[in-house]
Amino acid sequence: MNQRFYDVEVFWRWSRWLKSRRVQRKNAYFGFTQKKFGVNIAAAYYVLHLGGSFRFTDQSEWVHANSRGKFSYNFLNTPDSTIEEVDLSRTLINHNGLDNIVSQKTLRSLSVQGCPNVDDWFLARLHVFGESLQELDVSHCPRITVGGLVALQHLRKLRRLDVSSLVGVSSPSLVRILLEEMLPLCEVTGAEYDQGFVQHDSMGQLKEDTWLETRSFPVCIYPAGSEPRLAPSHSGEFLFLQAA
Amino acid sequence: MSRWHKMLLSGPGYSALAISRVVHSWRFSLNGSRNFSTGKRARKDFIQDLEGQFKAIREKAAAAMPGTDWSPVELRRDLPPDRADIVVVGGGVIGWSVAYWLKKKERVRDGVRVLVVEKDPTYSEASTVLSAGGIRQQFSLKENIQLSLASVDFMRNINEHLWVLNEDPIDLQFNHSGYLFLASESVAHIMEENYVTQREHGAKVTLLSPAQLKERFPWLNTDGVVLASYGLENEGWFDPWSLLNAFRRKAMSMGVFHCHGEVTGFTCTTSSRETEDGDVLRIKRIKYIDVKMPDSREYQPVECAIVINAAGVNSGKIADMIGIGSGSEHSMAGFSLPVEPRKRYVYVVHCPDGPGLESPFLIDYSGVYFRREGLGGNYITGNSPEETEEPDISDLKVDHEFFQEKVWPHLSHRVPAFESLKVTGAWAGFYDYNTFDQNAIIGLHPRISNMFLATGFSGHGLQHSPAVGCAVAELVLDGGFRTIDLSAFDFKRILQQEPILERNIV
Ligand SMILES: Cc1cc2nc3c(=O)[nH]c(=O)nc-3n(C[C@H](O)[C@H](O)[C@H](O)COP(=O)(O)OP(=O)(O)OC[C@H]3O[C@@H](n4cnc5c(N)ncnc54)[C@H](O)[C@@H]3O)c2cc1C
């Protein structure tokens with residue numbers, strides 16, 4: 001085995017590279033689509049392409065792909081409709097992918113629950129929705145830390161924020177209180193107040209628990225009523241998440 | 001031999017094995033073979049003896065081959081190699097970043113042999129680890145804005161750049177809070193101009209009126225403030241150690257040599273060149289660089305083709321070692337590198353009622369700054385002294401009077417909650433201060449044909465280090481800037497006495 005050290009190393013590098021390329025490709029900038037069909041259609045297409053769903057401002061129906069990742073192209077007929085709500089939970093979106101939806105100045109609600117690639121840099125870019133975003137769900141994102149949550153101060157219209165089960169935040173209830181102070185008009189859901197105080201004497205224990213929770217969530221939590229959207233190809237990424 | 005050794009080391013089972021061994025060897029000796037099992041005591045002696053024997057071999061080898069430092073046993077692991085293509089003087093964040101980019105840009109594996117020489121592996125006085133760790137886009141020179149943008153892009157993807165196989169991913173502990181500059185009436189117009197330049201180059205900055213300020217930061221006293229500019233994205237602060245370590249770890253994994261020693265001198269050749277107006281200029285070329293090892297008086301010369309001067313506050317001294325300035329030419333003074341240490345104090349204060357999570361990296365027009373540190377009501381703060389009141393630079397002692405007189409009054413005026421603060425700690429660090437125009441000096445030294453400079457950052461070197469490293473590597477390996485044109489930072493501006501100043505509001 002030790003003679004194969006460099007082979008294994010190269011293999012490892014490759015697999016990492018492929019993995020990150022997949023995320024990159026998923027989040028590539030849809031410049032061509034934007035030029036050809038306009039920013040709204042590009043944003044809608046991007047959301048569906050990632051496996052998410054959205055709702056146009058003037059419609060009440062959510063648009064999403066079926067379990068095999070196929071979706072209807074009806075949205076091509078309404079190039080002027082802007083998106084009001086986006087659900088990108090458990091998708092591969094990262095901060096680069098945001099480029100495709102920053103044009104949606106009417107975005108009122110965004111959920112990126114359980115996204116393995118949503119990190120502090122992603123949160124720091126959300127200021128572009130400062131004038132419209134009212135609801136944000138970033139729960140279960142393993143990469144988020146306090147360093148990124150502070151950037152939510154630019155979302156002056158925010159009324160509801162979900163920050164529960166963030167493994168990267170070490171004292172969740174203190175952070176929740178501080179977030180409430182920072183965004184006085186916003187209702188923050190997250191750790192119960194007592195959780196953080198318990199944490200002081202048994203930090204390791206609790207951390208382990210939250211960790212277990214995130215480890216199992218990709219397979220078991222779906223919003224009520226919606227069909228599971230976790231395509232088989234996604235599971236690779238979640239496996240990665242579990243191993244990390 | 002190895003089995004015998006193993007036996008020596010195995011504890012509990014030792015005696016039984018030893019007995020069988022003795023019996024065995026006795027039989028061997030009967031057969032006329034050599035008896036090597038010599039009992040417990042002799043074995044111990046043998047190990048002790050080994051060291052003496054090695055020493056003897058070493059002495060013999062030294063006697064047989066005088067003039068080489070070859071030894072069958074490696075004596076010191078941190079001795080620099082005899083030869084390197086590129087020697088980087090100074091292993092601060094700039095030095096390691098340059099080393100990383102040189103390796104990254106080399107076209108064939110092990111194409112360039114890079115050596116980083118650092119005198120103090122604990123970095124007790126290096127500016128990098130004593131800095132406030134801030135990064136901002138709010139500059140007025142386009143070069144500085146571009147450097148910041150490129151650096152922040154690097155930090156965003158730091159794990160793609162600097163992650164090393166089998167190591168933990170890098171966590172810079174980046175805190176995404178923008179810089180908030182406050183302008184008084186007399187400087188508001190500068191702020192507006194800077195804002196235009198910054199937006200032009202893609203920085204995400206916004207201007208705020210005093211009323212908006214009050215709304216967003218109720219704890220702020222806006223008296224005297226007519227305008228503020230606030231960074232929305234890509235600004236904040238991070239852990240300088242993490243960045244330095246990440247660069248160092250990655251560069252070493254890519255094959256950069258490093259050694260702990262101090263650069264104390266150079267061996268140069270000199271050639272003469274005539275200038276346009278007939279003066280004779282002596283141009284030096286470094287052949288060897290003398291590295292003094294710690295706790296020893298020996299020098300190890302390292303043959304090198306290119307030297308990169310990234311010695312931070314000491315880079316002026318390093319350039320002086322080559323003896324530029326001690327010539328007959330009248331214009332010599334213009335050739336010495338105008339970088340010197342300037343002491344800056346940073347105070348850690350505790351104030352439970354201070355600004356919360358939304359606290360920005362605030363910079364008041366009086367020069368006082370503060371930022372949050374962690375979540376427990378701690379802040380770090382400081383101010384730059386007047387040019388005429390620069391503190392003594394012989395040590396890193398902190399002057400607490402300075403806080404009482406020059407920092408606290410302004411601070412508590414701006415944020416009344418800070419009237420009840422408590423100073424819980426303080427430290428001092430040296431700015432690598434460019435006395436000429438407080439901007440970086442990047443490029444070839446005009447009188448030393450193979451020394452590149454990357455110094456003089458005067459308080460924003462840490463944040464620019466990723467992009468500067470790339471630019472210097474391009475200069476060295478490609479012969480010119482490729483990604484960001486930094487020719488404005490060339491030494492030439494000092495010769496021509498044309499400073500490029502940041503239009504600061506403080
Ligand atoms: C209080 C303070 C706050 C700051 N805040 C910020 C900030 O918020 N943001 C920001 O971007 N920047 C900040 N800076 C500036 C920043 O720290 C520096 O610009 C930057 O660290 C310079 O890096 P460097 O590698 O050139 O220097 P250094 O980190 O000083 O590294 C130079 C190294 O060279 C070594 N060396 C010197 N002479 C020799 C020799 N003869 N032989 C061998 N080795 C030698 C030294 O031991 C040292 O380790 C701050 C600085 C201070 C002092």
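**Close-up views of a predicted two-chain model****View 1. Helix 1 of chain A and a nonpolar surface patch.** A:Trp17 is placed in helix 1 of chain A, which spans residues 5–26, and the model shown in this and the following views is a predicted one. With a relative accessibility of 45%, A:Trp17 falls in the partly exposed class, because that class lies between the limits of 20% for buried and 50% for exposed residues. Together with A:Val10, A:Trp14 and A:Leu18, A:Trp17 makes up a nonpolar patch on the surface, and the accessible area of these residues together is about 430 Å².

**View 2. The ligand and its polar contacts with chain B.** Of the 36 residues around the ligand, those that come nearest are B:Glu118, B:Thr128, B:Gly134, B:Val263 and B:Gln463. A polar backbone atom of B:Val93 is 3.2 Å from an oxygen atom of the ligand, while a nitrogen atom of the ligand lies 3.1 Å from a backbone N or O atom of B:Ala132. A side chain also takes part, since a polar side-chain atom of B:Asn314 is placed 3.1 Å from a nitrogen atom of the ligand. On its own the ligand has 1000 Å² of accessible area, and the protein covers 96% of this area.

**View 3. The elements that make up the ligand shell.** In chain B, the elements that each give two or more residues to the shell around the ligand are helix 4 (93–105), strand 2 (114–118), helix 5 (127–130), strand 9 (262–274), strand 16 (422–434) and helix 13 (461–477). Strand 16 of chain B provides the largest share of this shell, namely four residues. When the residues of the shell are sorted by class, 16 are nonpolar, 16 are polar and four are charged.

**View 4. B:Asp171 and B:Gln173 in a loop of chain B.** The loop that holds B:Asp171 runs between helix 7 (158–162) and strand 4 (179–183) of chain B, and B:Gln173 is placed in the loop between helix 7 and strand 4 of chain B as well. The side chain of B:Asp171 reaches the backbone nitrogen of B:Gln173 at a distance of 3.0 Å. B:Asp171 has a relative accessible area of 48% and is therefore partly exposed. Its C-alpha atom is 8.7 Å from that of B:Ile158, although the two residues are 13 residues apart along the chain. B:Gln173 is not a glycine, yet its phi is positive, at about 55 degrees. As a general background to this value, most residues other than glycine have a negative phi.

**View 5. A:His140 in a loop of chain A.** A:His140 is found in the loop that lies between strand 5 (135–137) and helix 5 (146–149) of chain A. Its phi is near 65 degrees, which is a positive value in a residue other than glycine. The relative accessible area of A:His140 is 8%, so this residue counts as buried.

**View 6. A salt bridge between two strands of chain A.** The search of the whole structure finds 31 salt bridges over all chains, and one is formed by the side chains of A:Glu85 and A:Arg55, with an N to O distance of 2.8 Å. Because A:Glu85 belongs to strand 3 (residues 83–87) of chain A and A:Arg55 to strand 1 (residues 53–56) of chain A, the pair ties together parts that are 30 residues apart in sequence. A:Glu85, with a relative accessibility of 14%, is counted as buried, and A:Arg55 is buried too, with a relative accessible area of 10%.

**View 7. Salt bridges of chain B.** The side chains of B:Arg83 and B:Asp85 meet at 3.5 Å, N to O, in a salt bridge. In this pair, B:Arg83 is partly exposed at 41% relative accessibility, and B:Asp85 is partly exposed at a relative accessible area of 24%. A further salt bridge is formed by the side chains of B:Asp478 and B:Arg482, with an N to O distance of 3.8 Å. Here B:Asp478 is buried, having a relative accessible area of 19%, whereas B:Arg482 is exposed, having a relative accessible area of 58%. A network of salt bridges links B:Glu340, B:Arg342, B:Arg344, B:Glu387 and B:Glu390.

Methods: Residues numbered from 1 in each chain as written. Chains lettered and ligands numbered in written order. Predicted model: local features only at pLDDT ≥ 70, side-chain atom pairs only at ≥ 80, totals over all residues. Heavy atoms only, no water. Near = heavy atom within 4 Å. Polar contact = N/O pair within 3.5 Å; in protein donor to acceptor, adjacent residues only side chain to side chain. Areas by Shrake-Rupley, 256 points an atom, 1.4 Å probe, with all protein chains shown as cover. Nonpolar A, V, L, I, M, F, W, Y, C, P; charged D, E, K, R; others polar. Patch = residues over 30% accessible without salt bridge, like charges linked within 9 Å, V, L, I, M, F, W, Y side chains within 5 Å. Salt bridge = Lys/Arg side-chain N within 4 Å of Asp/Glu carboxyl O. Buried < 20%, exposed > 50% of the residue type's maximum accessible area, 1.4 Å probe, protein only.
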